[in-house]
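Let's take a walk through this structure together. Have the sequence and the 3D view at hand, and follow along from one stop to the next.

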Amino acid sequence: MAEIRFYHLTERPLEAVLPVMLERSLARGWRAVVRGTDPARLEALSHALWTWRDESFLAHGTPADGAAQRQPIWLCCERGNPNRANALFLIDGAEADAGELGAMELSAILFDGLDAAALERARAQWRMVCDAGLKAVYWAQDQRGAWVRRHESG
């Protein structure tokens, strides 16, 4: 059964945590889709993924690059799974329906815990996931930025 993870960002920003999550996904042999809502933000994330470590980068592509099927990580604003991903990362209020979330081996919803609108969207997504009978797990950052499992549905 798919697990839908909710990541409540309060101590470390998306740009610091997303590359680590993507790297772990690739280490599992998975492909990933990162879905956002702002093309400019995704372009900035694309640049960050190419330069996120001095000794390495995370290979990825965007619609501007094309050839989604060849990309281990695909950054986009559109729905779909053009690179046959196993993991879906929703950022900046991007959405997916329960069927799409449940079809992935892992779906992660990352949201800014300091933004009231983002919190409200995450709560609505949690209810949708639970109403669909999917397993939801809530992760929060402690004061050091480490992830702590706080709650699980069902």
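Start with cysteine 76, which counts as buried because its relative accessibility is just 2%. Keep in mind that this is a predicted model. Right next along the chain sits cysteine 77, and at 27% relative accessibility this one counts as partly exposed. Do these two cysteines make you think of a disulfide? A disulfide is a covalent bond between the sulfur atoms of two cysteines. A search of the whole structure turns up zero disulfides. Cysteine 76 is in none, and the nearest cysteine sulfur to its own, that of cysteine 77, lies 7.0 Å away. Seen from the other side, the closest cysteine sulfur to that of cysteine 77 is the one in cysteine 76, and 7.0 Å is too far for a bond, because the two sulfurs of a disulfide have to be within 2.5 Å.

Now for the sheet. Seven strands make up an open sheet with mixed pairing, and their order across it is 3-2-4-5-1-6-7. Which strands stand at the edges? Strand 3 (73–76) and strand 7 (147–152) do, and each has a single partner strand, so one side of each has no neighbour in the sheet. Going from one strand to the next, the twist averages 20°.

Let's look at strand 1 (residues 3–9) and strand 5 (residues 106–112), which pair in the parallel sense over seven bridges. Glutamate 3 has leucine 106 of strand 5 as its bridge partner, and leucine 9 has aspartate 112 in strand 5. Strand 5 is also joined to strand 4, by four bridges, and these two run parallel as well. Here phenylalanine 89 stands opposite alanine 108 of strand 5. How many of the residues of strand 5 are buried? Six of the seven are, so strand 5 is largely enclosed by the rest of the structure.

Back to strand 1, this time looking towards strand 6. These two pair in the parallel sense over six bridges, with tyrosine 7 opposite tryptophan 139 in strand 6. Strand 6 is mostly covered too, with five of its seven residues buried. What sense does the pairing take between strand 6 and strand 7, parallel or antiparallel? It is antiparallel, over five bridges. Glutamine 141 stands opposite tryptophan 147 in strand 7. The hairpin of strand 6 and strand 7 has five residues between the strands, and in this hairpin glycine 145 takes a positive phi near 95°.

Carry on past strand 7 and you come to serine 153, in the segment after that strand. With a relative accessibility of 13%, serine 153 counts as buried, because the cut-off for buried is under 20%. What is serine 153 in contact with, leaving aside its neighbours within four places in sequence? The residues are Trp126, Cys130, Leu134, Lys135 and Ala136.

Next come the surroundings of the largest pocket. Rolling a probe the size of a water molecule over the atoms shows where empty space is left. In this model, the largest pocket holds about 330 Å³ of space. It is lined by 15 residues, and the closest to its centre are Arg5, Tyr7, Met21, Arg24 and Trp147. Strand 1, helix 1 and strand 5 are the elements that give two or more residues to this lining. Which element gives the most to the lining? Helix 1 does, with five residues. You have already met Tyr7 as the residue opposite tryptophan 139, and Trp147 as the one opposite glutamine 141.

For a last stop, turn to helix 2, where threonine 51 is found. Is threonine 51 buried or partly exposed? Threonine 51 is partly exposed, with a relative accessible area of 46%. Now trace the chain from threonine 51 to aspartate 115, which is 64 residues apart from it in sequence. Between the C-alpha atoms of these two residues, the separation is 27 Å.

Technical notes
Residues numbered from 1 in each chain as written. Predicted model: local features only at pLDDT ≥ 70, side-chain atom pairs only at ≥ 80, totals over all residues. Heavy atoms only, no water. Pairing = 2+ DSSP bridges. Axes fitted to C-alpha atoms, helices over the stretch in contact; angles between N-to-C directions. Buried < 20%, exposed > 50% of the residue type's maximum accessible area, 1.4 Å probe, protein only. 1 Å grid on protein atoms, 1.4 Å probe; cavity = no way out; pocket = protein on both sides within 12 Å on 5 of 7 lines; lining within 4 Å. Points joined across faces, edges and corners; volume = space filled by probe spheres on them. Contact = heavy atoms within 4.5 Å.
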